[in-house]
Each structure stands twice: as structure tokens, then as C-alpha cells.
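Here is a set of short exercises to work through with the model open beside you. Try each task on your own, then compare your reasoning with the solution.

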Amino acid sequence: MNPKKSIQNLTKFEWALWAGGMLLVIGSYLFFREGALSLVASLIGVTALIFVAKGDALGQLLTVVFSLFYAAVSYKFKYYGEMITYLGMSAPTAMFSVISWLKHPYAECEVKIKKLTKANIIILIFLSVAVSFLFYFILKALGTNTLLVSTFSVTTSFFAASFLFLRSPYYAAAYALNDIVLIVLWVVASIRDISFVPMVICFAVFFANDLYGFINWKRLQKKQTTEKAN
């Protein structure tokens, strides 16, 4: 892992996407003048997603840091599902993914992308149902706000984290779906407390980054397959 090389590998479009996201996030927090913790979490998250979209393990390492900050923000509004998911699943999975990605390099700062097998998909579906069922009752017992939406967020997060560990482009599709769920969650929170509006903007930025991540990973997968065939 070479942070300097990772930064140098960013394209002009990726720099623009990162800068645009950072400006939107910072602008929203300056306007509402609230939530320094949320601001830090959002800035780390936007930066992490750019490198994850590159297939760079640095993005996974930053995801671990983001998960810790985001869990603290979620705790503040009693979104215990988000807190538990990011502390108990997203952060550990991202850490294991760092190890997995570094063990399966394709090029410097680029992971070798894997094609999912039928067995992978069947196991993931089974585990996602089990995890969702378990979390529903845990979150209900904790008095979690917007219980059903929070449970669905756990489901999409589980798929996304699993796809990342398995080095599949579909991590981005799962996270894009999760972003939509989180936008809904934080819109509900913002109705009660306007200081959470920046979190809505944050996940809208995340959504744009995850769409790019899916497109770029599919491009990388095609490139790797073609070069392997040659």
C-alpha cells in the first residue's frame, strides 16, 4: 500500500468527483453550522469511496476509520442499527478486506477482481436472511428509530461488505442501494433535527461515488479479463 502512489493514480475526473463531493459536504455543514463529528465522518467517507472505486486497498483502510466516526453519529440519533452494523460488520469487514486485497493484487494500487460463483451467491443470500432476521429483533429491543428501514439498511450493508471482501464489482450496486436507504433514514432524522441535513447530502454524494465505483470496477474487470486472455 503506497498512499503517495494512490493519490498520483487518481484521474482528472476522480479529482473532480472527490473535490465536488468535499465542497458539497463542507458547504452544507457551514450553512447549518452543526455537527463537527458528522463533518469529519463525511469527509473521510467521501475520500474513502474514491479509492475504493479505484480498487485501491487504501480506500478500505479509510473505510475502517469512517465506520468508527459514523457509528458515533448514529448513536447520537439512536440509529442503533447503523451503529452496530458499522462497528460490528462494516469496520471489521473493511479491515479483513484490506488484507484480502493486499494478498490479491492485480497491479500496484489495484486489486484483482473476482467473479462470483453460484455458491458465493447462495451462501450470501442465506446469510443475509439470517442476519436481517436477527438484527430486526435486536434493533426492536433497543428501541431503534425507523425499525424496518434500519433493518433493510443492515441487509444492504451486509451484501455490500461481503461483495467488497469477495472483490466483486457488485459491492458498489449494494452500497448505492444502501445509500438510498440511508438518505431516507437521515431525511427522517432531519425532520426532527435540522442539523442532520448534512448527512442527507453526505449520502447523496456517496450515492454518486458508488455509481462511479460500479462503472469503474466493471471497466477494470473487463480490462483484467482481456489482458489475462492475451
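The exercises below deal with the packing of a predicted model.

**Exercise 1. The largest core**

Task: Find how many residues the largest nonpolar core has, and which helix gives the largest share of it.

Solution:
- Step 1. Start with the count: this core has 34 residues.
- Step 2. Look for the residues with the most contacts inside the core, which are Trp101, Leu139, Phe163, Leu164, Tyr171 and Trp217.
- Step 3. Next, list the elements that give two or more residues: H3 (36-53), H4 (57-76), H5 (80-103), H6 (118-141), H7 (147-165), H8 (170-192) and H9 (197-229), each of them a helix.
- Step 4. The largest share, six residues, belongs to H7.
- Step 5. Finally, note that another core of 25 residues lies apart from this one, with Leu43, Phe77, Leu185 and Phe203 among its members.

**Exercise 2. Two residues and their surroundings**

Task: Work out what leucine 139 and serine 157 touch, and decide whether serine 157 is buried or exposed.

Solution:
- Step 1. Set aside neighbours within four places in sequence; leucine 139 is then in contact with Tyr80, Gly81, Ile84, Thr144, Leu147, Ser150, Thr151 and Val154.
- Step 2. Move to serine 157, which sits in helix H7.
- Step 3. Residues under 20% relative accessible area count as buried. Serine 157 has 0%, so it is buried.
- Step 4. Leaving out residues up to four places away in sequence, serine 157 touches Thr85, Met89 and Asn178.

**Exercise 3. Aromatic pairs**

Task: Classify the ring pair of phenylalanine 203 and phenylalanine 206, and place the two residues in the structure.

Solution:
- Step 1. For an overview, the whole structure contains 17 aromatic pairs.
- Step 2. As a warm-up, take phenylalanine 158 and phenylalanine 159: their centres are 6.3 Å apart with 70° between the planes, an edge-to-face pair. Phenylalanine 158 has 10% relative accessibility and therefore counts as buried.
- Step 3. Now the pair in the task. Planes over 60 degrees apart count as edge-to-face. The planes of phenylalanine 203 and phenylalanine 206 stand at 75°, with ring centres 5.0 Å apart, so this pair is edge-to-face.
- Step 4. Both residues belong to helix H9, where they are three residues apart, about one turn of the helix. Both are buried.
- Step 5. Widen the view: ring pairs join Phe203 and Phe206 with Phe66, Tyr70, Tyr86 and Trp186 in a cluster.

**Exercise 4. Empty space inside**

Task: Describe the cavities of 30 Å³ or more, with their volumes and linings.

Solution:
- Step 1. Rolling a probe the size of a water molecule over the atoms reveals where empty space remains. Two cavities of 30 Å³ or more turn up in this structure.
- Step 2. The largest cavity has a volume of about 160 Å³. It is lined by 16 residues, and the closest to its centre are Leu49, Thr63, Phe66, Tyr175 and Phe206.
- Step 3. H3, H4, H8 and H9 each give two or more residues to that lining. Sorted by class, the lining of the largest cavity holds ten nonpolar, four polar and two charged residues.
- Step 4. The second largest cavity holds about 40 Å³. Its lining consists of Gln60, Thr63, Ser90, Thr93, Ala94, Ser97, Ala161, Leu164 and Tyr175.
- Step 5. For the second largest cavity, H5 supplies the largest share of the lining, four residues. By class this lining has four nonpolar, five polar and no charged residues.

How values were computed: Residues numbered from 1 in each chain as written. Predicted model: local features only at pLDDT ≥ 70, side-chain atom pairs only at ≥ 80, totals over all residues. Heavy atoms only, no water. Core = buried A, V, L, I, M, F, W, Y, C linked by side-chain atoms within 4.5 Å. Buried < 20%, exposed > 50% of the residue type's maximum accessible area, 1.4 Å probe, protein only. Contact = heavy atoms within 4.5 Å. Phe/Tyr/Trp six-rings, centres within 6.5 Å; stacked < 30°, edge-to-face > 60°. 1 Å grid on protein atoms, 1.4 Å probe; cavity = no way out; pocket = protein on both sides within 12 Å on 5 of 7 lines; lining within 4 Å. Points joined across faces, edges and corners; volume = space filled by probe spheres on them. Nonpolar A, V, L, I, M, F, W, Y, C, P; charged D, E, K, R; others polar.
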